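Trainee: Please choose one part of this model and look at it closely with me, and then follow it outward into its surroundings. I would like to see the reasoning behind each step as well as the result.

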Amino acid sequence: MSKTLLAVYHSMTGGTRQMVEAACEGARAAAQLQVRLLHAATAQAQDVLQADGFLFATPENLAAMSGQLKDFFDRCYYPALDRITGRPYALLVCAGSDGSNAVRQVQRIATGWRLNAVADPLIVCTHAQTPEAILAPKQLRAPDLVRCHELGATLACGLELGIF
C-alpha cells in the first residue's frame with residue numbers, strides 16, 4: 001500500500017523552496033511513496049490527516065518560523081490533534097543567522113501533535129544580515145541542497161519500509 005509524505009513549506013526569497021524541492025526530489029526515489037508538496041497557505045487539516053509522514057520547511061523570520069507556516073499550524077493543530085500521533089517528521093530551516101529558535105518553535109508544535117522526529121533539523125544558513133541581503137532572492141549552494149535531498153530520501157525510505 002502506498003504511503004504519503006506531506007511537505008509543507010513557506011518561502012519568501014526562494015531559499016526554503018529550493019531546500020524543500022531538493023528534499024522532495026530525494027523522497028520521490030521511493031517507489032511506493034506519494035510526495036505532496038504544498039505551500040503553507042494552501043495546506044489544510046485534511047492534508048495532514050491523510051499523510052503518513054511530514055516534512056516541514058520554513059525560513060527564519062525575525063528569529064522565528066515564518067508567519068505563514070505558523071498560520072498553517074494554527075489552522076490544522078486542533079483538527080489533527082490526537083489523530084496523527086507517532087507519525088514521523090523532519091524539518092528544514094533556511095536561516096539568515098542560526099535558525100535555532102525557528103527549530104524550537106516547530107519542535108514544540110510537533111511535540112504537541114506527538115509526532116516523531118526522525119532526523120535532526122537541517123538548517124542552511126545564508127548569513128544574510130543586511131536588509132538588502134535578507135530580501136534578495138537566494139541561490140543555495142549545491143552541497144546544502146544535496147543534504148536536503150538526502151534527508152528527503154532518508155525520510156521516504158523509512159516511511160516506505162515501515163521503520164518510522
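Mentor: A residue is called buried here when its relative accessible area is under 20%, and exposed when that area is over 50%, with partly exposed lying in between. Please keep in mind throughout that this is a predicted model.

The part I would choose is helix 6, which runs over residues 142-161. A helix of 20 residues, at 1.5 Å a residue, should span 28 Å, and since the end C-alpha atoms of helix 6 are indeed 28 Å apart, the expected and the computed span agree. The buried residues of helix 6 are D144, C148, L151, G152, L155, A156, G158 and L159. Because these residues cover an arc of only 165° around the axis, they lie on the same side of helix 6. On the other side, A142 and L161 are exposed. Just after the helix comes G162, whose phi is positive, near 75°.

What do the buried residues of helix 6 pack against? Their partners are strand 1 (3-9), strand 2 (33-39), strand 3 (53-59), strand 4 (88-95) and strand 6 (122-125), together with helix 1 (15-27). Several of these partners deserve a look of their own, and I would begin with strand 3.

Seven of the seven residues of strand 3 are buried, so this strand is largely enclosed by the rest of the structure. In a regular strand the side chains alternate between the two faces of the sheet. In strand 3 both faces are covered, with G53, L55, A57 and P59 buried on one side and F54, F56 and T58 buried on the other. Strand 3 pairs with strand 1 in the parallel sense over five bridges, and V8 has F56 as its bridge partner in strand 3. With strand 4, strand 3 also pairs in the parallel sense, in this case over six bridges; there A57 has L92 as its bridge partner, while T58 stands opposite V93.

Strand 4 is mostly covered, for eight of its eight residues are buried. Its two faces can be read off in the manner used for strand 3, with P88, A90, L92 and C94 buried on one side and Y89, L91, V93 and A95 buried on the other.

From the strands we can move to the nonpolar cores. The largest nonpolar core has 30 residues, and those with the most contacts inside it are V48, F54, F56, F72, F73 and W113. At least two residues of this core come from each of strand 1, helix 2 (45-50), strand 3, helix 3, strand 4 and helix 4 (100-112). Helix 3 supplies the largest share, six residues. Among the core residues, F56 may serve as an example: leaving out residues up to four places away in sequence, F56 touches V8, F72, F73, Y89, A90, L91, L92, V106, W113 and L115. Apart from this core lies another one, of 25 residues, and L159 is among its members, as are L55, A90 and V124. That brings us back to helix 6, where L159 is one of the buried residues.

Helix 1, another of the packing partners of helix 6, contains Q18. Is Q18 buried or exposed? At 14% relative accessibility, Q18 counts as buried, because the limit is 20%. The side chain of Q18 is joined to that of Q139 by a polar contact of 3.4 Å, and, not counting residues up to four places away in sequence, Q18 touches K138, Q139, L140 and L145.

Ahead of helix 1, in the loop that follows strand 1, lies S11, which at 17% relative accessibility also counts as buried. The side chain of S11 has a polar atom 3.1 Å from the backbone nitrogen of G14, and this side chain also reaches the backbone nitrogen of R17 at 3.2 Å.

As a counterpoint, consider D74, which is found in helix 3 (residues 67-80). With a relative accessible area of 46%, D74 is partly exposed, and its side chain makes a polar contact of 2.6 Å with the side chain of K70.

Conventions. Residues numbered from 1 in each chain as written. Predicted model: local features only at pLDDT ≥ 70, side-chain atom pairs only at ≥ 80, totals over all residues. Heavy atoms only, no water. Helix = DSSP H or I, 4+ residues; strand = E, 2+ residues; numbered from the N terminus. Expected span 1.5 Å × (residues − 1). Buried < 20%, exposed > 50% of the residue type's maximum accessible area, 1.4 Å probe, protein only. Arc of directions from axis to C-beta. Contact = heavy atoms within 4.5 Å. Polar contact = N/O pair within 3.5 Å; in protein donor to acceptor, adjacent residues only side chain to side chain. Core = buried A, V, L, I, M, F, W, Y, C linked by side-chain atoms within 4.5 Å. Pairing = 2+ DSSP bridges.
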